[in-house]
Amino acid sequence: MTQEQLLKRLQKPTGMVDVILDTDTFNEIDDQYALAYLIKSSEKLNLKAIYAAPFFNDKATNPKDGMEKSYQEILHVLDLMDEHRYDSVVYKGSETYLSDEQHPVISPAAKDLVARAMAQPDDKPLYVVAIAAITNIASALLLEPKIADKIVIVWLGGHSYEWHDSYEFNMFQDVAAARVVFDSKVPVVQLPCMGVVSHFTITGPELEYWFRGKNKLCDYLVDVTTKEAKHYHGDDFWSRVIWDVTAVAWLLDGNFLLDRLEHAPIPQYDHHYSFDPTRHFIRYVYGVHRDNLMKDLYLKLTQDT
């Protein structure tokens, strides 16, 4: 891909686009919002498949367990939304992280991404919204490097370049995968967490006022968000990031995000970035119009499911 072609691919798309969502849905609570928001944005986003991504924290005994629980949570959200038309295109992802930067982790998700990407017309890229450790996508790139010319990755991962480190959940779980993606010269839109999309939060009173009682999905989101928040904050004042929503929002036509071109960073294994001004460009999100995006999220998720 020439630089001219790359820069064109890094522009926000117009018209309908084909989308895949890669998600560690059981990890916290924001993936559920993002999945529902994507489905409810069908005026522009044509959801082709959903991949369960690995994760490992106090909710999972290992990355495989995290992926399996995320797979089941995807199906649960689809059930709450009565969107069973997507059940057949939910795929299990990697059971481990990359062991190095040369060897993919074979999974149904990685193989499906290769097949779908290679089947895309040359002038119609497949947009991969990734809101988890980027193992599945990196594995697909290692399996078939040609898909770099067929996809655009919109990844919520890492922290802002001004932050003191890059020790962010989606990035630190699989630094090798992040390096594969940023080295592949695939078009990437990066949404950093702390210092950028960390601005997209919601509070308990907002949830109760705007979302409670609207439909099964909204009641579930209120309950799980409140439970998650109280686990960390008790009954004190709290707000919770639901930043995964912003990765979906980048593809939409509203005035939601601010972005610019940057040279691709180099994630290091000591959880910092290195920079080289001769590297290829990516698109970097640096700001969020929080209220604009929250209103759109509210209007779409409170529709009848």
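These are my notebook entries on strands, a helix, pockets and a cavity that I looked up in one predicted model.

**Entry 1: the strands**

I began with strand β2, residues 45-52, and asked how many of its residues are buried. I found that 6 of the 8 residues in β2 are buried, and I wrote the strand down as mostly covered.

Next I looked up the partners of β2. Strand β1, which spans residues 17-23, runs parallel to β2 and is joined to it by 7 bridges; as one position to look at in the model, I noted Val-19, which stands opposite Leu-47 of β2. I then followed the chain between these two strands and saw that helix α2, residues 30-39, belongs with them, since β1, α2 and β2 make a right-handed β-α-β unit.

Strand β3, residues 90-92, also pairs with β2 in the parallel sense, here over 3 bridges, and within this pairing Ala-52 has Lys-92 of β3 as its bridge partner. The chain goes from β2 to β3 by way of helix α3, residues 63-80, and I recorded this β-α-β crossover as right-handed.

**Entry 2: a covered helix**

Why did I describe helix α5, residues 135-143, as largely enclosed by the rest of the structure? I did so because 7 of its 9 residues are buried, and I took buried to mean under 20% relative accessible area. The buried residues that I listed for α5 are Thr-135, Asn-136, Ile-137, Ala-138, Ser-139, Ala-140 and Leu-141.

I also checked what surrounds them, and found that the buried residues of α5 pack against the strands β1, β2, β4 (126-131) and β5 (151-156), as well as the helices α4 (108-119) and α7 (175-183). The strands β1 and β2 from my first entry therefore appear again here, among the elements that the buried residues of this largely enclosed helix pack against.

**Entry 3: the pockets**

I turned to empty space, reminding myself that rolling a probe the size of a water molecule over the atoms shows where such space is left.

The largest pocket holds about 400 Å³ of space. Its lining has 16 residues, and those nearest its centre are Lys-8, Arg-9, Asp-123, Pro-125 and Tyr-127. Helix α1 (3-9) and strand β1 are the elements that give two or more residues to this lining, with α1 giving the most, 3 residues. When I sorted the lining of the largest pocket by class, I had 6 nonpolar, 3 polar and 7 charged residues.

The second largest pocket has a volume of about 280 Å³. It is lined by 20 residues, of which Asn-27, Glu-28, Asn-57, Phe-169 and Trp-243 are the closest to its centre. Two or more lining residues come from each of α2, α6 (169-172), α9 (216-233) and β8 (239-241). For the second largest pocket I noted 6 nonpolar, 4 polar and 10 charged residues in the lining.

**Entry 4: the cavity**

How many cavities of 30 Å³ or more does a search of the whole structure find? The search gave 1, and I wrote down a volume of about 30 Å³ for the largest cavity.

I listed Ile-202, Glu-206, Trp-210, Phe-211, Met-294 and Tyr-298 as the residues lining this cavity. Helices α8 (204-211) and α11 (290-301) each supply at least two of the lining residues, and the largest share, 3 residues, comes from α8. By class, the lining of the largest cavity has 5 nonpolar residues, no polar ones and 1 charged.

Key
Residues are numbered from 1 along each chain as its sequence is written. This is a predicted model: local features need pLDDT of at least 70, side-chain atom pairs count only at pLDDT 80 or more; totals for chains, interfaces and linings use all residues. Side-chain values use heavy atoms; hydrogens and water are left out. Buried means under 20% relative accessible area, exposed over 50%, partly exposed in between (1.4 Å probe, protein chains only). Helices (H or I, at least four residues) and strands (E, at least two) are DSSP runs, numbered from the N terminus. Two strands pair if DSSP finds at least two bridges between them. A crossover is right-handed if, with the strands pointing away from the viewer, the path from the first strand over the helix to the second runs clockwise. On a 1 Å grid over the protein atoms alone, a cavity is a set of points where a 1.4 Å probe fits but cannot get out, and a pocket is an open set with protein on both sides within 12 Å along at least five of seven lines; lining residues have an atom within 4 Å of a point. Grid points are joined across faces, edges and corners, and a volume is the space filled by probe spheres set on the points. Ala, Val, Leu, Ile, Met, Phe, Trp, Tyr, Cys and Pro count as nonpolar, Asp, Glu, Lys and Arg as charged, and the others, Gly among them, as polar. Contact means heavy atoms within 4.5 Å.
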